[in-house]
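Reader: Before we discuss any detail, could you show me the model and then explain the reasoning behind the terms you apply to it?

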Amino acid sequence: VLDLPGTYSLNPATPDEQITCDILFGRRDDEALPDAIVCGADATNLRRSLRIALELRDLGLPMVLALNLMDVATKRQIRIDTKKLQSLLAIPVVETVAVKQGGVSQLLQSLENTPPLQKGAITYSARSAQDLQIELNSILAECLEQGSSNHTSERIDAIVSKNSGGSATYAKIEAARRLGIPVVMIARPDKPRGAILADVAAALRWLETLDAAHDGPRSARGV
């Protein structure tokens with residue numbers, strides 16, 4: 001079992017993501033192509049997790065989708081039709097709770113039942129962000145039901161998901177601003193450590209000055 005660094009895309013943006021992609025595509029001489037993939041998905045934020053699941057599925061490797069945090073999802077009134085999800089993805093889908101034993105035996109059984117890896121090169125063709133978003137929205141419309149939520153990350157993702165173009169980082173910043181959530185941007189550090197810490201301290205002082213009861217939009221500050 002090889003635990004790879006987490007990634008949200010097969011288009012790597014960090015060294016860790018590059019390692020994950022290289023292994024999945026069989027580009028590493030020191031690692032064999034995986035016999036199967038277990039993709040861990042956050043059941044409380046299925047929209048974000050399914051994007052990488054769709055890309056991994058397109059690799060054509062044997063794969064199981066493990067829906068983790070199902071207990072938390074239930075508490076948040078999030079209902080996922082796992083049978084429907086499994087049918088639409090055409091891969092096994094297993095509900096799990098990482099801090100408990102639930103789902104482990106089913107996960108292992110699903111792995112044993114996956115078809116053997118077909119030897120040969122990966123013939124993966126990346127799809128556009130728009131194509132992925134269309135399929136993602138279609139799947140969620142059939143499989144996901146959730147009550148109103150006040151969780152900040154979910155409110156931000158709900159806005160960002162409507163905009164599939166541009167920088168995801170700046171889309172999230174704009175979404176936070178629209179929700180009246182304070183935003184602090186700390187630029188990639190090219191300063192001495194002391195100067196960076198001074199910037200962080202200044203940002204924290206700014207956050208402390210905000211009126212928590214303020215209902216209007218708040219600004220962003222960059223340091």
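Author: What follows is a set of questions and answers on helix packing, burial and backbone angles in this predicted model.

Reader: What does the protein chain contain in helices and strands, and what share of its residues is buried?

Author: The protein chain has nine helices and seven strands, and 35% of its 223 residues are buried. Of the contacts with a separation of 6 or more, 65% are between residues 24 or more positions apart.

Reader: Why is helix 2 called oblique to helix 6?

Author: Helix 2 (residues 46-57) and helix 6 (residues 129-143) pack at an angle of about 120 degrees, with 10 Å between their axes. The range for roughly perpendicular ends at 115 degrees and roughly antiparallel starts over 145, so helix 2 is oblique to helix 6. The crossing of the two, helix 2 and helix 6, is right-handed.

Reader: Which residues make that contact, and how do they divide into nonpolar, polar and charged?

Author: On the side of helix 2 the contact is made by Leu46, Arg47, Leu50, Arg51, Leu54, Glu55 and Arg57, and on the side of helix 6 by Ala129, Leu132, Gln133, Glu135, Leu136, Asn137, Ile139 and Leu140. The residues of this contact of helix 2 with helix 6 comprise eight nonpolar, two polar and five charged.

Reader: What makes helix 2 oblique to helix 4 as well?

Author: The angle between helix 2 and helix 4 (residues 82-89) is about 40 degrees, and their axes are 12 Å apart. Only angles under 35 degrees count as roughly parallel, and roughly perpendicular begins at 65, so helix 2 is oblique to helix 4. In this contact Leu50, Leu54 and Arg57 of helix 2 meet Leu85, Leu88 and Leu89 of helix 4, and the residues divide into five nonpolar, no polar and one charged.

Reader: How do you know that the buried residues of helix 4 lie on the same side?

Author: The buried residues of helix 4 are Thr82, Leu85 and Leu89. They cover an arc of only 60 degrees around the axis, and therefore they are on the same side of helix 4. The general reason is that an α-helix has 3.6 residues a turn, so residues three or four places apart point the same way. The cover over the buried residues of helix 4 includes helix 2, strand 2, strand 3, strand 4 and helix 6, whereas the face turned away from the buried side carries the exposed residues Lys83 and Ser87.

Reader: Why is Ala90 called exposed, and Leu69 partly exposed?

Author: Ala90 has a relative accessible area of 66%, and exposed means over 50%, so Ala90 is exposed. Leu69 has a relative accessible area of 33%, which lies between the 20% and 50% limits, so Leu69 is partly exposed.

Reader: What is the phi of each of these two residues, and where are they found?

Author: Most residues other than glycine have a negative phi. Leu69, in the loop between strand 2 and helix 3, has a positive phi of about 65 degrees although it is not a glycine. Ala90, in the loop between helix 4 and strand 4, likewise is not a glycine and has a positive phi of about 60 degrees.

Reader: How do you know that Val72 is partly exposed?

Author: Val72, which is found in helix 3, has a relative accessibility of 25%, between the limits of 20% and 50%, and so counts as partly exposed. Val72 and Thr44 are 28 residues apart in sequence, while their C-alpha atoms are 6.9 Å apart in space.

Methods: Residues are numbered from 1 along each chain as its sequence is written. This is a predicted model: local features need pLDDT of at least 70, side-chain atom pairs count only at pLDDT 80 or more; totals for chains, interfaces and linings use all residues. Side-chain values use heavy atoms; hydrogens and water are left out. Axes are lines fitted to C-alpha atoms, for helices over the stretch in contact, and angles run from 0 to 180 degrees between N-to-C directions. Helices (H or I, at least four residues) and strands (E, at least two) are DSSP runs, numbered from the N terminus. A crossing is left-handed if the near helix is turned anticlockwise from the far one by less than a right angle, and right-handed if clockwise. Contact means heavy atoms within 4.5 Å. Ala, Val, Leu, Ile, Met, Phe, Trp, Tyr, Cys and Pro count as nonpolar, Asp, Glu, Lys and Arg as charged, and the others, Gly among them, as polar. Buried means under 20% relative accessible area, exposed over 50%, partly exposed in between (1.4 Å probe, protein chains only). The arc is that of the directions from the helix axis to the C-beta atoms.
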